[in-house]
Amino acid sequence: MKIADQHMPPRPFAPARRHLGATALASGALIAAAALAATGCSSVQGAHDSLALAGATTVKGLSSVVAGSYQIVKLNDSRDETFNQLLGINNEGLIVGYFGSGAAKHPNKGYTLAPPFAQRSFLNENFPRAAQTQVTGLNDHGVTVGFWSTQNTASMTDNNFGFYEQNGRFHEVNFPIGDSASPPVDQLLGVNNSGVAVGFFTNSAGLSRGYEYNIRTHRFTRVEIPGRAGLGPSLTATAINNRGDVAGFYNKTSAQVDAFLKLRSGKFITLAYPGAAMTQAFGVNDSDEVVGTYTTGTGNAAVTHGFTWWDGKYTSVNISGASSTAINGVNDEGDLVGFFTDAKGNTDGLLALP
């Protein structure tokens, strides 16, 4: 299933919680989650560092790396060691993601993963009747969001429908539109503690349109570039924090995709990693620390890197020996989740603990 394709900041809004650490990690085989990919403002330049995560060691059966202020743990679901991605993490350390590449007979299967991250900690979460499910985001109150499909085709151009799950019940959510793409594409990608989710749909012209959805009132609100209401380029809303600030990405031009952070005040901040051909934001915490990916090079030479951004400063995050690294989620403690491509070509879920 295809989706519509370090300087650590202070954390004044972080609730009290048990910080994840080595003691939270279980011994034995771990499970891996599957990944999210997205696309999508103008350039905010800032200083940038590079943080290479190297020096792999094995600790209690875990693949672990200590570099700088991060401990890196590879988390792969034993049901599919070839393709796993972690997409979101909340302030209690609960992680969401999926396994399975989405290729024919290799469907996406969603799950949640709780500390101590043992195999038994991976719990299935799949929309009823779905051929495929990705669980993409969650809040601190047990609400998860994602998207599902009735299809698992060889072309991977499957229909997508958004959902949220609350108190054990699934609810389908699709932006009301009369000219949707064929097949339809609608996804929820993030949710905050107030029950406001964000996502996007694709219209018949092939343009992505970001939106907010209030779970309590069932109301939709468009996420748009200021001054470009209804007429702007493709835009995908991927994450929302408890302040109501929204992150995502958009097509600045036909050839350039930049990330953005839209504050609740209406201020629109464009994020473009220096020298990158494409920058996409996938997560934001309550300190407005943004995480995502940027791409260098083009065509077969293109390489994907993870990044964090806060207060104008970029930090590149790369797993040593990996051909690509992606960061998809961040909580208020600065714990990161994402995935990387290893030397065997497998996609592995990763957890980075500061």
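How many bridges join E14 to strand E15 (residues 208-214), and in which direction do these strands run? The views below start from the whole predicted model and come to that pair in the third legend. This is a predicted model, in which local features need pLDDT of at least 70 and side-chain atom pairs count only at pLDDT 80 or more, while totals for chains, interfaces and linings use all residues. Residues are numbered from 1 along each chain as its sequence is written, and side-chain values use heavy atoms, with hydrogens and water left out.

**View 1. The whole protein, with 0 helices and 27 strands.** Helices (H or I, at least four residues) and strands (E, at least two) are DSSP runs, numbered from the N terminus. Of the 354 residues, 57% count as buried; here buried means under 20% relative accessible area, exposed over 50%, and partly exposed in between (1.4 Å probe, protein chains only). The accessible surface comes to about 13,500 Å², and 52% of it belongs to carbon and sulfur atoms. Accessible areas come from the Shrake-Rupley method with a 1.4 Å probe, and for residues only the protein chains shown count as cover.

**View 2. Strand E11 (residues 161-166) with its partners on either hand, E10 and E12.** Two strands pair if DSSP finds at least two bridges between them. Strand E10 (residues 144-149) is joined to E11 by 5 bridges, and the two run antiparallel. E11 is also antiparallel to strand E12 (residues 169-173), again through 5 bridges. Glycine 162 is a good place to rest your eye: phenylalanine 147 stands opposite this glycine, and so does valine 173 in E12. E11 and E12 form a hairpin with 2 residues between them, and asparagine 167 in the turn has a positive phi of about 55°. Of the 6 residues in E11, 5 are buried.

**View 3. Strand E14 (residues 196-202), with 7 of its 7 residues buried.** Val196, Val198, Phe200 and Thr202 lie on one side and Ala197, Gly199 and Phe201 on the other, and both faces are covered. Here is the pair from the opening: 7 bridges join E14 to E15, and the strands run antiparallel. Within this pairing, alanine 197 has tyrosine 213 as its bridge partner. The E14 and E15 hairpin has 5 residues between its strands, with glycine 206 in the turn at a positive phi of about 85°. E13 is joined to E14 by 5 bridges, also antiparallel, and glutamine 187 has phenylalanine 200 of E14 as its bridge partner. That hairpin leaves 4 residues between E13 and E14, and glycine 195 in its turn has a positive phi of about 80°.

**View 4. The largest nonpolar core, of 15 residues.** A nonpolar core is a set of buried Ala, Val, Leu, Ile, Met, Phe, Trp, Tyr and Cys residues joined through side-chain atoms within 4.5 Å. Leu261, Leu271, Val290 and Trp309 have the most contacts inside this core. At least two of its residues come from each of strands E19 (257-262), E20 (268-271), E21 (278-284), E22 (290-296) and E23 (303-310). Leaving aside neighbours within four places in sequence, tryptophan 309 is in contact (heavy atoms within 4.5 Å) with Leu261, Ile269, Leu271, Asp288, Glu289, Val290 and Tyr314. Apart from this core lies another, of 13 residues, among them Leu75, Ile89, Ile95 and Phe122.

**View 5. Two cis peptide bonds, one before proline 116 and one before proline 183.** Most residues other than glycine have a negative phi, and most peptide bonds are trans. Proline 115 and proline 116 are joined by a cis bond with omega about 15°; proline 116 sits in the loop between strand E7 (109-113) and strand E8 (122-124). The bond from serine 182 to proline 183 is cis too, with omega near 5°, and proline 183 lies in the loop between E12 and strand E13 (186-191).

**View 6. Arginine 129 and methionine 156, each with a positive phi.** Arginine 129 has phi near 75° and is found in the loop between E8 and strand E9 (132-138). Its relative accessible area is 65%, so arginine 129 is exposed. Methionine 156 has phi near 65° and lies in the loop between E10 and E11. With a relative accessible area of 23%, methionine 156 is partly exposed.
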